[in-house]
Amino acid sequence: MEVFLIRVLQFILAISLLVLLHEGGHFFFSKLFGVRVEKFYVFFDWKFSLFKFKPKNSDTEYGIGWLPLGGYCKIAGMIDESFDTEQMKQPVQPWEFRAKPAWQRLLIMIGGVLVNFLLALFIYSMILFYWGDTYIPVENMTLGMKFNQEAKSYGFKDGDILIGTEKKTFKDFSADLYRDISEAKRVDIMRDGKKMSINLPGDLNLLGMLKADPSFVRPLIPAKVDSIVPGTPAEKIGMQVGDEILALNDSPIDSYNEFVDQLGRRQDLLDMATSPADSLKARTVTIVFGNESRRDTAVVQLTPDLKLGFVVSSLAGLYEPITKEYGFLESIPAGIKYGWDVLAGYVGDLKYVFSADGAKSLGGFGAIGSLFPPMWDWYMFWKMTAFLSIILAFMNILPIPALDGGHVLFLIYEMITRRKPSEEFMIRAEYVGFGILILLMVVANLNDILRWLGYL
């Protein structure tokens, strides 16, 4: 419960900040051009609000809604998600949105996106300035990688040390590495001390690589015991720190990755169990373990969640991370480049959304919230906030009615043709766009529920 609350608080704080500044962008340009802002709300106030106030001699009501699905800035004389059609029937007033030149209206509409994009770049820059960039270079992972059968079909072998592609050297083990491999026609590796290359088609399915079980590539982790959890099966069979898992049910174990894969197969048997006897059989395994001076064999019953009760070294325990530090002026271009790379990767991956697996991978508030760490970590909080900010900027500029990008599209049309779309058309487009957004939100959050229930 504590983990859930910490993630919820981080999510709400990040979204509140992003919505406040996004709507603040619209607000700033509206005030700059003399457009009246009637309401400025963080979260939606459908039926009622949690808090509201209107300063003396101000045209704007400020408030906090109860529905945390975003926020809005109600601009006078504009067709938006409030669907205030009565106002549009009145004569045009000089302080209304519709009375202003198209270029001013365009700046008002892109104000929120502009703020979110600049905010993301600023946060990334400040992260690099304050914390630096700490990572483990892939080429320093001297134990190499563990590959699945698909990867091996292309020529990879367990233990290969990844170096880079024909385009660039790998940096760290992250989603970018998967993306680079998926687009590569050549991957350079070190095998048994010799540099060699593996040819690839250049169009591997990135989503398939990530979702495969086991995944396409993982850092190879030795099956060597770093610590024992008290009261677990590992302690009961006499396992000691420094021991290695050598075999599981007569299958040789060459790494912790292989051990986890083998347990995954036991999980399949456990899922198919129809009786307590079947469950007990699935949980009962023969383990061979030991060190240079001894070798033990034990029949053991794993815990109900198929845990043996030992911990292995993390990547940071196996390899020495390096930290690249940035001065204030250095951090700005580095942060801009980092943010741009994040945006480019996200845009490039959007093609997978239109596949069956991509639609299933859509996530709602639960999926987004789960991206935050289970403990309060300011580094991860700001990194996630920057990521959400840059995604919010991109999603809002998509040419979908009801989003900023839809309004921008119609304004560009007006600037080119010198004709405004009719108010009736704009209202209908707003309804259609709002319907599309609601549908996407329902699908994304339904996926969260299905994942929680174990159906996805």
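This report looks at a three-stranded sheet and at the second largest pocket of a predicted model.

**The sheet**

Let's start with the strands. β5, β6 and β7 form an open sheet of 3 strands in the order β5-β6-β7, and the pairing is antiparallel. β5 (161-165) and β7 (194-199) are at the edges with a single partner strand each, so one side of each has no neighbour in the sheet. From one strand to the next, the twist averages 30 degrees.

If you zoom in on the pairing of β5 with β6 (residues 186-191), you will find 4 bridges between these antiparallel strands. Within this pairing, isoleucine 161 sits opposite methionine 190 of β6.

**The second largest pocket**

Now to the pocket, which holds about 300 Å³ of space. Its lining counts 17 residues, and those nearest the centre of the pocket are Phe97, Arg98, Arg105, Lys420 and Met426. Two or more lining residues come from each of the elements α3 (102-131), α15 (404-417) and α16 (423-453). Which element gives the most to this lining? That is α15, with 4 residues.

What kinds of residue make up the lining of the second largest pocket? The table shows how they divide.

| Class of lining residue | Number |
|---|---|
| nonpolar | 10 residues |
| polar | 2 residues |
| charged | 5 residues |

For a closer look at the pocket in the structure above, the residues nearest its centre, among them Arg98 and Met426, offer a handy place to begin.

Definitions and conventions:
Residues are numbered from 1 along each chain as its sequence is written. This is a predicted model: local features need pLDDT of at least 70, side-chain atom pairs count only at pLDDT 80 or more; totals for chains, interfaces and linings use all residues. Side-chain values use heavy atoms; hydrogens and water are left out. Two strands pair if DSSP finds at least two bridges between them. Axes are lines fitted to C-alpha atoms, for helices over the stretch in contact, and angles run from 0 to 180 degrees between N-to-C directions. On a 1 Å grid over the protein atoms alone, a cavity is a set of points where a 1.4 Å probe fits but cannot get out, and a pocket is an open set with protein on both sides within 12 Å along at least five of seven lines; lining residues have an atom within 4 Å of a point. Grid points are joined across faces, edges and corners, and a volume is the space filled by probe spheres set on the points. Ala, Val, Leu, Ile, Met, Phe, Trp, Tyr, Cys and Pro count as nonpolar, Asp, Glu, Lys and Arg as charged, and the others, Gly among them, as polar.
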